[in-house]
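This report walks through a set of local features in one protein model, moving from its sheets to its ring pairs. Please keep the structure open beside the text while reading.

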Amino acid sequence: MDYISPKDAMLKVKRWSKDTIAAGRRHTVGLKSDGTVTAVGDKKYGQCDVSGWRDIVAVAAGNVHMATNTGNAHTIGLKADRTVAAVGWNKYDQCDVNNWRDIVAVATGWRRTIGLKSDGTVVAVGRNNEGECNVSGWHDIVEVAAGDWHTIGLKLDGTVTAVGNNRYRQCNVNGWCDIVEVAAGYLHTIGLKSDGTVTAVGLNKHDQCDVSGWRGIVAIAVGSNHTIGLKSDGTVAAVGWNEYGQCNISDWRDIVAIAAGCAHTVGLKSDGTVVAVGDNEYGQCDVSSWRGIQLPEN
């Protein structure tokens with residue numbers, strides 16, 4: 001039997017693929033149990049052209065805040081052989097991932113793509129105007145998250161690191177500890193603690209950081225200005241901007257995974273079906289016909 005160090009064992013457990021649904025500004029992506037991928041929503045830049053993908057184990061969708069000059073997006077798929085597929089908007093080379101190898105997790109922000117390697121280091125391509133791709137010195141990382149202009153890394157020891165725009169202190173995570181999952185929005189950052197509570201930093205204009213009272217949370221997702229928490233009983237909590245009804249999840253039950261786009265929220269049910277609320281201008285919430293979406297690994 002090959003020896004595996006405790007550290008390597010923990011890396012393997014923490015990185016187990018869980019991103020089987022993803023939501024962007026105008027589109028939603030689902031990973032099916034057979035390794036294929038489905039997508040709905042805006043197709044202008046080919047971000048939904050995933051019908052030919054095979055052997056995918058995780059998906060990510062480029063997100064961006066709602067503004068008149070934004071919305072262009074890309075979609076990333078992590079393959080079983082640890083290579084990466086990409087479709088969609090590529091003006092900033094955010095889809096130039098063909099040469100990536102040994103990737104175990106992916107994250108996408110606006111105009112960029114982040115890849116986590118099996119050795120705990122991180123690679124990035126795309127827009128770097130504010131240092132959001134300056135991850136080459138990171139190590140012992142077990143999860144990555146990408147906001148619009150900042151990038152978050154969860155370390156093996158439960159601490160968190162961040163690069164990029166910090167105008168609203170969304171990168172002030174140095175004091176965090178006991179974190180097991182991270183998520184990033186437009187201008188805020190969320191961390192899930194090992195005890196099921198949640199912490200937040202950054203812009204709180206829409207109360208998107210008002211998570212201090214949450215308990216029993218097992219997963220988190222972040223839209224541009226709203227925050228979603230999956231509870232251990234399969235129900236969902238939400239705070240923040242709700243102009244499009246993206247926080248109207250109080251009646252959801254039997255949820256096993258969540259994703260948040262700019263202004264919509266997606267939930268995966270234990271039977272492999274999907275529910276969605278929020279902005280549907282581009283059909284990004286038209287997921288009621290989806291079946292056989294891959295359930296997250298425990």
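Two strands are taken as paired if DSSP finds at least two bridges between them. The model is a predicted one, and its local features are reported for residues with pLDDT of at least 70.

**Strands 16 to 18**

With that criterion in hand, strand 17, which spans residues 226-231, pairs with strand 18 in the antiparallel sense over five bridges. Within this pairing, the bridge partner of Leu230 is Val236 in strand 18. The two strands belong to an open sheet of three strands, ordered 16-17-18, in which the pairing is antiparallel. Strand 16 (217-222) and strand 18 (236-240) are the edge strands of the sheet, each pairing on one side only. On average, and with direction ignored, neighbouring strands of this sheet are turned by 20° against each other.

**Strands 10 to 12**

Another open sheet is built from three strands in the order 10-11-12, again with antiparallel pairing. Its edges are strand 10 (141-146) and strand 12 (160-164), and each of these pairs on one side only. From one strand to the next, the twist averages 20°. Strand 10 and strand 11 (residues 150-155) run antiparallel and are joined by five bridges, and Ala145 has Ile152 of strand 11 as its bridge partner.

The loop between strand 9 (122-126) and strand 10 holds Gly137, a residue that is exposed, with a relative accessible area of 59%. Although Gly137 and Val122 are 15 residues apart in sequence, their C-alpha atoms are 8.1 Å apart in space.

**The hairpin of strands 8 and 9**

Strand 8, covering residues 112-117, pairs with strand 9 in the antiparallel sense over five bridges, and the bridge partner of Thr113 in strand 9 is Val125. The two strands form a hairpin with four residues between them, and in the turn Gly120 has a positive phi of about 90°.

**Strand 4 and the surroundings of Thr108**

Five of the six residues of strand 4 (residues 56-61) are buried, so this strand is largely enclosed by the rest of the structure. Strand 4 runs antiparallel to strand 5 (residues 74-79), to which five bridges join it, and Ala60 stands opposite Ile76 of strand 5.

Both Ala60 and Ile76 recur among the residues that Thr108 touches, a list that also includes Ala61, Gly62, His74, Thr113 and Ala146 when residues up to four places away in sequence are not counted. Thr108 itself is found in strand 7 (residues 103-109). Is Thr108 buried or exposed? At a relative accessible area of 9%, Thr108 is buried, because the buried class comprises residues under 20%. Its side chain reaches the backbone oxygen of Ala61 at 2.9 Å, and the side chain of Thr108 also reaches the backbone nitrogen of Gly62, at 3.2 Å.

**Aromatic rings**

A pair of aromatic rings is described by the distance of the centres and the angle of the planes. How many aromatic pairs does a search of the whole structure find? The search finds five aromatic pairs, and the table gives the geometry of two of them.

| Pair | Centre to centre | Angle between planes | Arrangement |
|---|---|---|---|
| Trp89 and Tyr92 | 5.7 Å | 75° | edge-to-face |
| Trp241 and Tyr244 | 5.7 Å | 80° | edge-to-face |

Why is the pair of Trp241 and Tyr244 classed as edge-to-face? The planes of Trp241 and Tyr244 stand at 80°, and planes over 60 degrees apart count as edge-to-face.

In terms of accessibility, Trp89 is buried at a relative accessible area of 8%, whereas Tyr92 is partly exposed at 24%. For the other tabulated pair, Trp241 is buried, with a relative accessible area of 14%, while Tyr244, at 33% relative accessibility, counts as partly exposed. Trp89 and Tyr92 are also part of a cluster, since ring pairs link them with Tyr45.

A charged side chain is also placed over a ring in this model: Arg111 lies over the face of Trp110, at 3.8 Å from the ring centre.

Technical notes:
Residues are numbered from 1 along each chain as its sequence is written. Side-chain values use heavy atoms; hydrogens and water are left out. Rings of Phe, Tyr and Trp (its six-membered ring) pair if their centres lie within 6.5 Å; planes under 30 degrees apart count as stacked, over 60 as edge-to-face and the rest as tilted. Buried means under 20% relative accessible area, exposed over 50%, partly exposed in between (1.4 Å probe, protein chains only). A charge sits over a ring if NZ of Lys or CZ of Arg is within 6 Å of the ring centre and within 35 degrees of the ring normal. A polar contact is a pair of N or O atoms within 3.5 Å; within protein, one must be able to donate a hydrogen and the other to accept it, and residues adjacent in sequence count only if both atoms are side-chain atoms. Contact means heavy atoms within 4.5 Å. Axes are lines fitted to C-alpha atoms, for helices over the stretch in contact, and angles run from 0 to 180 degrees between N-to-C directions.
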